[in-house]
Amino acid sequence: MLFNSIEFALFLPIVFLLYWFVFDYALKRCKKQLLLQNLFIVIVSYIFYGWWDWRFLVLIAFTSLCSYCSGLLIARSRKRTGIPSAGKGFMILNLIINLAILIIFKYYDFFVVSFSHLFDVNPDGLLIKVILPVGISFYTFQALSYSIDVYRGKIVPTTNIVAFFAYVSFFPQLVAGPIERATNLLPQFLKKRSFNSTLAIDGMRQILWGLFKKIVIADNCAIYVDEVFNTYSTQSGSTLLLSAILFTFQIYCDFSGYSDIAIGTSKLFGIRLMRNFNVPYFSRDIAEFWRRWHISLTTWFRDYLYIPLGGSRPTIPLECKHPDAYKKWIIVRNTFIIFLVSGLWHGANWTFITWGAYHAVLFLPLILSGKNRKYLDQANLKDIPKILLTFIIVVFGWIIFRANSITEAWEYMTHIFSGSLLSIPWLKTRSYYISTLVSIALLIVVEWLTRTKEHPLQAHIKPRILRWLIYYALIIAIFVLQPSGDVQFIYFQF
């Protein structure tokens with residue numbers, strides 16, 4: 001069920017009305033009100049997820065059950081032994097089970113084909129060719145963070161299985177994040193929630209902005225980008241460069257648009273999710289870009305992979321004769337591990353791994369020189385040259401990400417720097433694509449002016465008539481400029 005579909009447009013109001021007027025108002029004096037409210041969330045979330053394929057429900061239920069039980073077993077082991085570090089085996093077992101499921105469904109065929117090519121054997125008899133469950137990487141990581149945090153003592157394991165299943169399956173962020181932490185989201189399902197009109201109104205504004213980014217910008221960019229990438233060998237260098245730039249905005253507006261809709265929808269139900277994007281294309285270097293892009297995944301890898309490996313401050317053995325060289329080696333190793341794993345997380349293709357390596361190479365000089373946290377504030381006009389340079393670097397990274405193979409990515413980039421780079425870009429139905437370019441320009445200006453806000457429509461616009469004119473203009477643009485046919489959210493495949 002897509003956020004920009006008729007089904008969801010009917011689903012959301014019905015769920016909202018039942019959630020507040022039946023499970024809040026009508027059951028206000030019921031002792032099991034919270035239990036019933038959470039059970040309702042689980043049911044509608046499973047309906048939402050099962051809309052794609054009911055068989056997916058078995059996997060998410062199993063993942064939820066394993067992580068829930070691991071938390072209880074870790075707590076029981078510590079209570080029985082009195083050892084704070086007890087229960088590690090249960091945490092590791094849960095990691096193995098859930099990561100094994102993820103690997104089988106998402107990566108098994110990729111590794112089989114890769115090794116078959118390496119050893120020149122026929123892989124057909126070894127492939128399982130299973131359907132990739134929508135959003136499996138997102139809810140798997142969310143469930144795993146609970147088990148790890150329980151073991152680390154950051155959260156007390158819950159005995160409320162309904163609230164836990166609601167935490168893992170909460171439908172607004174189920175299939176494409178943000179990847180929530182149990183320390184933030186689970187407690188919200190363990191306490192009574194009351195309707196907050198201010199929060200709900202802000203949620204609707206954020207949904208509107210997310211739909212504008214997805215439908216008006218991302219979906220229209222997709223038409224041009226798909227056509228050019230499919231015929232890149234016959235296109236001019238300027239057309240290829242324009243297409244790469246449009247894909248840069250497509251993937252941002254597609255994914256951040258989804259996050260805006262997810263976060264805004266959650267606010268309708270009294271739930272606050274973490275921010276997932278913070279104007280990443282206004283970054284002044286690659287390190288800042290990764291602090292602002294897909295924040296929930298970046299911080300997940302930082303906290304559960306990078307820091308446990310030693311991070312940028314590794315423990316140096318006493319017998320080490322060259323501590324500085326050892327420290328640099330560990331930093332280089334950890335940086336490549338986290339970026340390569342991040343690339344692999346995005347999909348079973350060597351292009352994603354190469355994309356991760358590309359960013360690792362760009363990130364290394366900054367972290368080795370201690371300049372990876374140089375920019376922690378919002379950019380200003382004087383930073384525009386640095387922003388443009390970082391943007392260009394990111395654009396070429398997205399070419400690798402979008403290409404079907406490394407060979408295709410290389411040929412695409414070499415074609416850009418052909419003799420036709422300075423020619424006028426090809427634009428089919430010129431007036432139609434001009435509206436897309438105008439929308440992108442509007443996005444840049446609006447996000448720059450409101451870069452200190454969670455989302456642009458959060459800004460208090462006066463007078464009131466101007467505020468409503470903006471709302472209606474966005475709504476009209478969504479209906480008038482939406483392309484024909486459904487365009488899937490890019491990150492659903494991850």
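Which residues in helix 15 meet which residues in helix 16? That contact is a good way into this predicted model, so my notes start there.

1. **Helix 15 against helix 16.** On the helix 15 side you'll find Phe396, Ile399 and Ile400, and they meet Ala409, Tyr412, Met413 and Ile416 in helix 16. By class, that makes seven nonpolar residues, with no polar and no charged ones. The two helices pack at an angle of about 140°, with axes 8 Å apart. An angle over 145 would count as roughly antiparallel, so helix 15 and helix 16 go down as oblique to each other.

2. **Helix 10 against helix 15.** Now bring in helix 10, residues 237-268, which packs on helix 15 (residues 384-402) at about 85°, the axes being 9 Å apart. Angles of 65 to 115 count as roughly perpendicular, and helix 10 and helix 15 are therefore described that way. From helix 10 the contact takes Ala244, Ile245, Phe247, Thr248, Phe249 and Ile251; from helix 15 it takes Phe391, Val395, Trp398, Ile399, Phe401 and Arg402. Sorted by class, this contact has ten nonpolar residues, one polar and one charged.

3. **Helix 10 against helix 16.** Helix 10 also packs with helix 16 (residues 406-416), here at about 125° and with 7 Å between the axes. That pair is therefore oblique. Gly237, Leu240, Leu241, Ser243 and Ala244 are the helix 10 residues involved, and they meet Tyr412, His415 and Ile416 in helix 16. The class count here is five nonpolar, three polar and no charged. Some residues turn up in two of these contacts: Ala244 of helix 10 meets helix 15 and also helix 16, while Ile399 of helix 15 meets helix 10 and also helix 16. On helix 16, Tyr412 and Ile416 meet helix 10 and helix 15.

4. **Helix 15 itself.** What span should the 19 residues of helix 15 have at 1.5 Å a residue? The expected figure is 27 Å, and the end C-alpha atoms lie 26 Å apart, which agrees. Its buried residues are Ile387, Thr390, Phe391, Val394, Val395, Phe396, Gly397, Trp398, Ile399, Ile400, Phe401 and Arg402. Among them are Phe391, Val395, Trp398 and Phe401, which take part in the helix 10 contact, and Phe396 and Ile400, which take part in the helix 16 contact.

5. **Salt bridges around Asp383.** The structure holds 15 salt bridges, and Asp383 has a part in the ones I'd look at here. Asp383 pairs with Arg284, with 3.3 Å between the closest N and O atoms. This link joins distant parts of the chain: Asp383 is in the loop between helix 14 (350-368) and helix 15, and Arg284, 99 residues apart from it, is in the loop between helix 10 and helix 11 (286-292). Both partners are buried. Asp383 also meets Lys382 in a salt bridge, at 3.6 Å from N to O. Are those two partners buried or exposed? Asp383 counts as buried because its relative accessibility is 3%, whereas Lys382 is exposed at 66%. Arg284, Glu288, Arg292, Asp377, Lys382 and Asp383 are linked in a network of salt bridges.

6. **A buried pair on helix 10.** Have a look at Asp260 and Lys213 too: their side chains form a salt bridge at 2.8 Å, N to O. Asp260 belongs to helix 10 and Lys213 to helix 9 (residues 197-230), 47 residues apart. Both of them are buried.

7. **Ile217 in helix 9.** Staying on helix 9, Ile217 sits there and is buried, with a relative accessible area of 0%. Which residues does Ile217 touch, not counting those up to four places away in sequence? They are Phe212, Cys253, Thr436, Ser439, Ile440 and Leu443. Ser439 is 222 residues apart from Ile217 in sequence, yet the C-alpha atoms are 6.5 Å apart.

8. **Helices 2 and 3.** Helix 3 (residues 56-81) has 26 residues and reaches 38 Å, close to the expected 38 Å. Just after helix 3, Gly82 has a positive phi of about 75°. Helix 2 (residues 33-50) reaches 25 Å with its 18 residues, close to an expected 26 Å. The buried residues of helix 2 include Gln33, Gln37, Asn38 and Ser45, along with Phe40, Ile41, Val42 and Tyr46.

How values were computed. Residues are numbered from 1 along each chain as its sequence is written. This is a predicted model: local features need pLDDT of at least 70, side-chain atom pairs count only at pLDDT 80 or more; totals for chains, interfaces and linings use all residues. Side-chain values use heavy atoms; hydrogens and water are left out. Axes are lines fitted to C-alpha atoms, for helices over the stretch in contact, and angles run from 0 to 180 degrees between N-to-C directions. Helices (H or I, at least four residues) and strands (E, at least two) are DSSP runs, numbered from the N terminus. Angles under 35 degrees count as roughly parallel, over 145 as roughly antiparallel, 65 to 115 as roughly perpendicular and the rest as oblique. Contact means heavy atoms within 4.5 Å. Ala, Val, Leu, Ile, Met, Phe, Trp, Tyr, Cys and Pro count as nonpolar, Asp, Glu, Lys and Arg as charged, and the others, Gly among them, as polar. The expected span of a helix is 1.5 Å times one less than its number of residues. A salt bridge is a side-chain nitrogen of Lys or Arg within 4 Å of a carboxyl oxygen of Asp or Glu. Buried means under 20% relative accessible area, exposed over 50%, partly exposed in between (1.4 Å probe, protein chains only).
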